[in-house]
Amino acid sequence: DEFQEFFIEDDRLAQEAALLLDRLVRQGRAFGLHVVLGSQTLGGAYSLARSTLDQMAVRIALQCSEADASLILSEDNTAARLLSRPGEAIYNDANGLIEGNSPFQIVWLDDDARERYLEEIQNLARKRQLPPQPLVIFEGNAPSELSENTELWKYASGAIPPAAAPTIWLGDSVAIKEPTHLVLRRQAGANLAIVGQDETLAASMFCAALVSLAAQLPRARNPAGLTPIAAGQSVTDPSAGSRPRLYFLDGSLDGTPAAASLADTLAMLPLEVRIGRWRDSAPFLQELQAELQRRSATTDSAPPWFLFIFALHRFRDLRRAEDDYGFGLDSSRPASPALLLNELLRDGPLLGMHTFLWCDTLTNLQRTLDRAAFRELNFRIALQMSANDSSNFLDSPLASRLGPCRAYFYSEEQAKLEKFRPYGPPDPDWLRRLAQSLALQNQR
């Protein structure tokens with residue numbers, strides 16, 4: 001319905017849609033695949049190719065202008081412009097030729113009949129004991145609610161066992177489908193970068209990622225729970241290496257909503273976390289580098305480790321030197337934090353070490369990452385940005401037209417670009433209930 005939406009612009013989407021529809025129309029019938037297209041008008045600067053429409057034998061035209069009539073039926077068949085009654089139409093199964101016109105009246109379903117059918121459907125659902133589905137309300141100018149993610153709560157409550165490859169939920173899709181998410185498998189490029197200047201939305205997605213990991217990672221068998229490890233504090237627990245661990249470099253500004261939501265989430269969730277600020281990037285990355293080398297030298301299975309860097313643009317130690325052109329590490333001098341980060345992005349995911357970044361602009365992101373490391377960001381989220389930055393980041397200019405509380409998620413693994421509403425800051429009461437549920441799981 002309204003297939004013309006594919007062709008409102010002459011872009012890559014329109015070209016791909018035209019090719020696919022043409023192939024379905026020409027070859028689909030032989031395989032039992034039939035195309036039914038509907039639109040209020042075929043007029044406009046761009047439309048489906050005339051050669052494709054000519055392959056569709058059956059045409060139905062309601063009252064329309066002479067121009068639309070000639071497009072729907074044929075150039076010399078404008079009978080649809082003479083229709084006058086509501087619901088009056090022309091059925092033509094002769095490729096639009098005048099001799100194939102068959103006027104008819106579209107069926108009308110009155111209110112009483114509609115209510116009767118709806119009641120029958122409801123009674124059938126009750127008879128089959130089908131659970132009612134939640135009402136879907138689309139609030140276009142507001143962030144989505146993490147507390148409404150039922151799949152996440154199943155993991156948190158123990159209804160579903162911890163996942164081997166955790167799912168990271170990001171927000172609600174702008175479509176009737178499951179929430180937008182990514183799956184962190186041990187494969188090259190399994191890192192996430194968020195680019196855009198909305199710090200609150202970026203922090204909310206970081207919180208959603210933290211909650212997702214806390215709900216799905218194997219529980220630490222520690223009845224007292226786990227507390228964050230301050231920067232510079234050594235880990236003396238001998239079993240720490242056998243558990244998932246999270247490093248969080250927090251570049252948020254004190255007193256901002258972003259800083260508050262991140263602090264609340266980190267404090268409530270039973271995760272083994274090392275939290276650091278701007279000066280802690282070097283020791284954190286040195287620890288991660290040591291673990292990366294240890295994993296590279298052994299075939300033992302190791303638990304997943306995660307590095308979160310919030311506000312990458314505020315970590316000057318992570319910017320590449322002016323004379324660094326991304327040709328690898330120089331053995332004649334100690335590796336800088338920037339080079340360690342680039343190496344972690346390239347080699348970490350295959351060994352279960354994944355990185356999450358938020359940076360305000362694409363330019364600042366490229367100041368930190370060399371070209372090889374930039375290609376290792378298989379998962380990307382774009383907030384509102386310029387058309388040029390959007391094209392370089394997503395291979396599409398669409399992020400330049402994003403409104404409030406909107407983002408695009410790009411997955412190179414699935415070669416898809418999905419528009420969604422990011423989650424807003426998690427509700428503190430819901431976070432508290434979730435933390436209690438996770439604590440109960442830890443005690444079992």
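**Group meeting: a walk through the model**

At 18% relative accessibility, Ser 70 counts as buried, and that's where I'd like to start. One caveat up front: this is a predicted model. Buried here means under 20% relative accessible area, so Ser 70 with its 18% falls on the buried side of the cut-off.

Where does Ser 70 sit? Its place is in helix α3, which covers residues 66-72. If you ignore anything within four places of it in sequence, the residues in contact with Ser 70 are Arg 50, Glu 75, Asn 77 and Thr 78.

Okay, on to another helix, α4. That one runs over residues 111-127, so 17 residues by the DSSP run. From its first C-alpha to its last it reaches 24 Å, which is close to the 24 Å you'd expect at 1.5 Å a residue. What caps the N-terminal end of α4? Asp 110 does: one of its side-chain oxygens lies 3.3 Å from the backbone nitrogen of Asp 112. And at the other side, just after α4, have a look at Gln 129, which takes a positive phi of about 55 degrees.

Now the inside. The largest nonpolar core has 52 residues. Which residues have the most contacts inside that core? Phe 248, Phe 308 and Phe 310. Helix α6, residues 199-216, gives the most to this core, with 13 residues. Let me zoom in on Phe 308. Again leaving out neighbours within four places in sequence, Phe 308 is in contact with Phe 206, Ala 209, Leu 210 and Leu 213, then with Leu 246, Tyr 247, Phe 248 and Leu 249, and also with Phe 356. There's a second, separate core too, of 35 residues, and among its members are Leu 307, Leu 344, Cys 359 and Ala 399.

Cys 359 brings me to the cysteines. A disulfide is a covalent bond between the sulfur atoms of two cysteines. How many turn up in a search of the whole structure? Zero. Take Cys 359: the closest cysteine sulfur belongs to Cys 207 and is 18 Å away, so that's too far for a bond. Then turn to Cys 207 itself. Its closest cysteine sulfur is in Cys 405, at 15 Å, and that is also too far for a bond. As for burial, Cys 359 has a relative accessible area of 0% and is buried, and Cys 207 is buried at 0% relative accessibility as well.

Next up, charges. Side chains of opposite charge can pair when their charged atoms come close. How many salt bridges does the structure hold? 23. I'll pick out a few.

Start with Glu 151 and Lys 154, whose side chains meet in a salt bridge at 3.8 Å, N to O. Both are in helix α5, residues 150-156, and because they're three residues apart there, about one helical turn separates them. Glu 151 is partly exposed, with a relative accessible area of 33%, and Lys 154 is partly exposed too, at 39%.

Then there's Glu 272. Its salt bridge with Arg 243 has the closest N and O atoms 2.6 Å apart. This pair links distant parts of the chain, 29 residues apart: Glu 272 is in the loop between α7 (257-268) and β9 (273-276), while Arg 243 is in the loop between β7 (229-230) and β8 (245-250). Buried or exposed? Both Glu 272 and Arg 243 are buried.

Glu 272 also forms a salt bridge with Arg 245, and there the closest N and O atoms are 3.1 Å apart. Once more the pair links distant parts of the chain, with Arg 245 in strand β8, 27 residues from Glu 272. Arg 245 is buried at a relative accessible area of 8%, and Glu 272 counts as buried at 6%.

One more charged group: Arg 12, Glu 16 and Asp 395 are linked in a network of salt bridges.

I'll finish on Lys 177, found in the loop between β4 (167-173) and β5 (180-183). At 42% relative accessibility, Lys 177 counts as partly exposed. What does its side chain make a polar contact with? The side chain of Glu 418, at 3.1 Å. And to give you a distance across the model, Lys 177 and Gly 100 are 41 Å apart in space, C-alpha to C-alpha, and 77 residues apart in sequence.

Conventions: Residues are numbered from 1 along each chain as its sequence is written. This is a predicted model: local features need pLDDT of at least 70, side-chain atom pairs count only at pLDDT 80 or more; totals for chains, interfaces and linings use all residues. Side-chain values use heavy atoms; hydrogens and water are left out. Helices (H or I, at least four residues) and strands (E, at least two) are DSSP runs, numbered from the N terminus. The expected span of a helix is 1.5 Å times one less than its number of residues. A polar contact is a pair of N or O atoms within 3.5 Å; within protein, one must be able to donate a hydrogen and the other to accept it, and residues adjacent in sequence count only if both atoms are side-chain atoms. Buried means under 20% relative accessible area, exposed over 50%, partly exposed in between (1.4 Å probe, protein chains only). Contact means heavy atoms within 4.5 Å. A nonpolar core is a set of buried Ala, Val, Leu, Ile, Met, Phe, Trp, Tyr and Cys residues joined through side-chain atoms within 4.5 Å. A disulfide is a pair of cysteine sulfur atoms within 2.5 Å. A salt bridge is a side-chain nitrogen of Lys or Arg within 4 Å of a carboxyl oxygen of Asp or Glu.
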